[in-house]
Amino acid sequence: MKVDVLLGLQWGDEGKGKVVDVLTPKYDVVARFQGGPNAGHTLEFEGQKYVLRSIPSGIFQGNKVNIIGNGVVLDPALFKAEAEALEASGHPLKERLHISKKAHLILPTHRILDAAYEAAKGDAKVGTTGKGIGPTYTDKVSRNGVRVGDILHNFEQKYAAAKARHEEILKGLNYEYDLTELEKTWLEGIEYLKQFHFVDSEHEVNNLLKDGKSVLCEGAQGTMLDIDFGSYPFVTSSNTVCAGACTGLGVAPNRIGEVYGIFKAYCTRVGAGPFPSELFDETGDKMCTLGHEFGSVTGRKRRCGWIDLVALKYSVMINGVTKLIMMKSDVLDTFDIIKACVAYKVDGEEIDYFPYDITDGVEPVYAELPGWKIDMTKMQSEDEFPEEFNAYLTFLEDQLGVEIKIVSVGPDRAQTIERYTEE
Ligand code: GDP
Ligand code: IMO
Ligand code: MG
């Protein structure tokens, strides 16, 4: 069997959680392959809303196996809070959630280091989620990390060594902090974690595939936040692109089947960094209000703008997207005109490819399409789509060279329309 991958094509928060939940019934296994509690994946069904950070979004659909892969970084304290809330709401996890022994642990001092590095950057700060993501991946790459599997072997010693090293760095940065509370809840989290299945997830995933089981990999963040291909240095610290599913789960590249690329009908970004099609006017405010564009983890206001097809084309290329999914089209239901950035003007010259640097002097060039001006939130099938909406879909498909297979018209699981275009 093949592994299908679902990932974000923009700056995160595209609606990955919702669609993973919708697609899960078609799969046996759902697996997260990178990122950590910087993610906030929202799902809504039966009048309830859930926000997942580290736990895969397949957890609500029957008895599917959900895996936290080796590429993920896990904070035991935040994991405990998330898992306990799910258990309390009637969603048992223990038997269904498997955690890779090779996943790295976010230590309390990683969170403090995240804050200290951001403070040291001053105006140039990344605007991280403050969850210790960068420092944890830094330790992984510099071969100083502590892994989930270490909880079972010489844990105290490994934790103490890492903590001491971090304290030295913090002293050098002259950063004041108090570890007491953080460390206490973190150690409680470590104890809590011990009741879960720690697995060699690369073996588990490959054995499942050999047995004919199907796997859906759930990305976190988005391609424009990828450590290699995103708007560096305003990015996260992992490979959010399709290749990350191979390294973050131990699946070979020739095992990848469908690549679902998910995007909003417009565009958002949270945190600092360039965003060429950002709007600073009433139209941007309207998108923010109608789309409830506030971070699901940090509550921060998301910056809003028109869809950026230059960046999206780049994302489609890097990920080898085979199917597109468009989210939040309902947010544009009342707009007279829809704009789409089709090129950048750089030093007076128009380019249609994503350049090395988009920090300064990149001016968006827009195409304009008529809005559909109809409430789409109750639509059930593509037969109901208004003509102008179909024209928008066709325009995007022509630009991106890939078919849009799913359209989302509201946050609820039920507000999802699969298009039955020819395979
Ligand atoms: P993720 O990180 O990619 O899973 O996305 P988030 O959960 O951070 O952000 C997406 C937000 O949009 C959540 O609040 C969802 O409930 C909501 N959402 C998802 N799809 C739709 C949609 O089609 N329309 C509207 N209006 N909201 C949506
Ligand atoms: P989901 O999975 C949107 C952003 C942060 C910051 C940058 C680096 O919900 O789409 P980090 O804490 O990772 O070191 O922050 O990345 N960021 C996200 N933005 N959605 C996310 O996740 C994000 N995870 C990180 O705002 O700009
Ligand atoms: Mg999110």
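User: Where does D375 sit?
Analyst: D375 is in the loop between β18 and α11. Helices (DSSP H or I, at least four residues) and strands (DSSP E, at least two residues) are numbered from the N terminus. This is a predicted model, where local features need pLDDT of at least 70 and side-chain atom pairs count only at pLDDT 80 or more, while totals for chains, interfaces and linings use all residues. Residues are numbered from 1 along each chain as its sequence is written, chains are lettered from A and ligands numbered from 1 in the order in which they are written, and side-chain values use heavy atoms, with hydrogens and water left out.

User: Thanks! What does the side chain of D375 make a polar contact with?
Analyst: The side chain of T377, at 2.6 Å. A polar contact is a pair of N or O atoms within 3.5 Å; within protein, one must be able to donate a hydrogen and the other to accept it, and residues adjacent in sequence count only if both atoms are side-chain atoms.

User: And how far apart are the C-alpha atoms of D375 and D333?
Analyst: They are separated by 5.7 Å, although the two residues are 42 residues apart along the chain.

User: What about K373, what is its phi?
Analyst: Phi of K373 is positive, about 50 degrees, and K373 is not a glycine. K373 also belongs to the loop between β18 (362-370) and α11 (387-400).

User: Any other residue like that? Where is R143, for instance?
Analyst: R143 is in the loop between α4 (133-141) and α5 (155-172). Phi of R143 is near 65 degrees, again a positive value in a residue other than glycine. For background, most residues other than glycine have a negative phi, and most peptide bonds are trans.

User: Why does R143 count as exposed?
Analyst: R143 counts as exposed because its relative accessibility is 75%. The cut-offs are under 20% relative accessible area for buried, over 50% for exposed, and partly exposed in between, using a 1.4 Å probe and protein chains only. K373 is partly exposed, since its relative accessible area is 47%.

User: You mentioned trans bonds. What kind of peptide bond joins Y232 and P233?
Analyst: That one is cis, with omega about 5 degrees. P233 lies in the loop between β10 (215-218) and α8 (243-249).

User: Switching topic: which residues come nearest to ligand 1?
Analyst: G15, K16, T42, D330 and S408, out of 20 residues around ligand 1. Being near here means that a heavy atom of the residue lies within 4 Å of the molecule.

User: How far is the side chain of S408 from an oxygen atom of ligand 1?
Analyst: An N or O atom in that side chain is 2.5 Å from a ligand 1 oxygen. The backbone takes part too: an N or O atom of G15 is 2.8 Å from an oxygen atom of ligand 1, and one of G17 is 2.9 Å from such an atom.

User: How much of ligand 1 does the protein bury?
Analyst: The protein buries 94% of the 580 Å² that ligand 1 exposes when taken alone. Those areas come from the Shrake-Rupley method with a 1.4 Å probe; for residues, only the protein chains shown count as cover.

User: What is the mix of residues in the shell around ligand 1?
Analyst: The shell has four nonpolar, eight polar and eight charged residues. Here Ala, Val, Leu, Ile, Met, Phe, Trp, Tyr, Cys and Pro count as nonpolar, Asp, Glu, Lys and Arg as charged, and the others, Gly among them, as polar.

User: And ligand 2, which residues come nearest there?
Analyst: Of the 21 residues around ligand 2, these are D13, K16, H41, T129 and T236. A polar side-chain atom of T129 lies 2.6 Å from an oxygen atom of ligand 2, and for H41 the corresponding distance is 2.7 Å. A backbone N or O atom of D13 is 2.8 Å from a ligand 2 oxygen. Taken alone, ligand 2 exposes 560 Å², and the protein buries 98% of that. The shell around ligand 2 holds eight nonpolar, ten polar and three charged residues.

User: Last one: is Q34 buried or exposed?
Analyst: Q34 is buried, because its relative accessible area is 2%. Q34 lies in the loop between β2 and β3. The side chain of Q34 reaches the backbone nitrogen of A220 at 2.5 Å and makes a polar contact with the side chain of S238 at 3.0 Å.
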